[in-house]
Every structure is written in C-alpha cells, then in structure tokens.
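Okay, everyone, thanks for coming. Let me put today's chain up on the screen and walk you through it.

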Amino acid sequence: MKDLIKSIIYEIWSYFVPEKLSYEITGSCKKCGKCCNYMYSVDTYTEKEFKIMQMIFPKYKRFYIKGRDDEGNLIFACKLVTPDGLCSDYKHRLRMCKNYPAKRINYPGKLHDGCGYKVNTKNFEDYIK
Ligand code: SF4
Ligand code: SF4
C-alpha cells in the first residue's frame, strides 16, 4: 500500500518536472523564416480545433493551416512572413515569436534544419550533479 501511494505521488510529480527544465540556447537567428513558415501546435489536431483556438485567441488569426506532414499532423504558417523570410510586423510580433526558441518547454522541441540557434539539452547525469 505504501509503495502504491509513493508511486502515485512520483507519477504526479513527474508531470511538474518538465515545467522546471530550462534549456541553454546558443547561436543567433539567420533570418531564414523557416520557423514562421513551418510550425506545429502540440494540441491542435483538426481544422475545427484550430478555428476554436483562433476564436479563443484572436491573435492566432495570423496563422493558417499550410498542410499536414507525413504523420497527419497539421502544419501552420504565418500570414505575416515575407517571401524573404522576414516578419512584416516585427514590432507587433507575438510573445511566442519574441521568445523563440523557448528556453522552457514542456515537451521535446526540435529546431528547423539550418536554424542558427542550438538547444543544448541536459542529460540525466547533468541533472543529478
Ligand atoms: S528557423 Fe531559426 S534561423 Fe530561421 S528564422 Fe527561425 S529562428 Fe531564425
Ligand atoms: S508574427 Fe512575425 S515573427 Fe511571428 S510567426 Fe508571424 S512572421 Fe514570424
């Protein structure tokens, strides 16, 4: 019984651990525009969900569904990115744009090939030091 309770507590704690992870970001933006032209949303799987999200957060109306990847996940792009890969409304870009790539994320993120940034993830040994 004691072990069961401990397991449940550890399971609950495990959901909070990623919140505390902070990655080291090095490098700089090469202004290629890939992150504005090709993005994912972790919890938006259908067009209907995307429309609901836009209704709740009108600022996301700048995004549109560009297609789906080989696994069927929606791919989004921003209407405000220029053909040169620059932001046409840089001054009013979203906080998520300003913070990209985020130092704190709750799921494994991946940068685009050729991105000027590098996310230095910590391994298990780093955390137990
Ligand atoms: S993918 Fe990387 S290098 Fe390209 S615009 Fe986005 S942050 Fe900059
Ligand atoms: S608002 Fe600007 S920086 Fe943000 S995704 Fe759109 S084009 Fe990129």
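First, a term: helices (H or I, at least four residues) and strands (E, at least two) are DSSP runs, numbered from the N terminus. With that, the order from the N terminus is α-α-β-α-α-β-β-α-β-α, so-called six helices and four strands.

Keep in mind that this is a predicted model, where local features need pLDDT of at least 70, side-chain atom pairs count only at pLDDT 80 or more, and totals for chains, interfaces and linings use all residues. Residues are numbered from 1 along each chain as its sequence is written, and chains are lettered from A and ligands numbered from 1 in the order in which they are written.

Now, burial. With C-beta atoms placed from the backbone, a residue is buried if 20 or more other C-beta atoms lie within 10 Å of its own, exposed if 12 or fewer, and partly exposed in between. Just 3% of the 129 residues make it to buried.

Thr 44 does, because 20 other C-beta atoms lie within 10 Å. You'll find Thr 44 in the loop between helix 3 (34–37) and helix 4 (47–56). Asn 73 is 29 residues away from Thr 44 in sequence, yet their C-alpha atoms sit 8.6 Å apart.

On to ligand 1. Which residues surround it? Counting C-beta atoms, placed from the backbone, within 6 Å of the molecule, we get Cys 29, Lys 30, Lys 31, Cys 32, Gly 33, Lys 34, Cys 35, Tyr 100, His 112, Cys 115, Gly 116 and Tyr 117.
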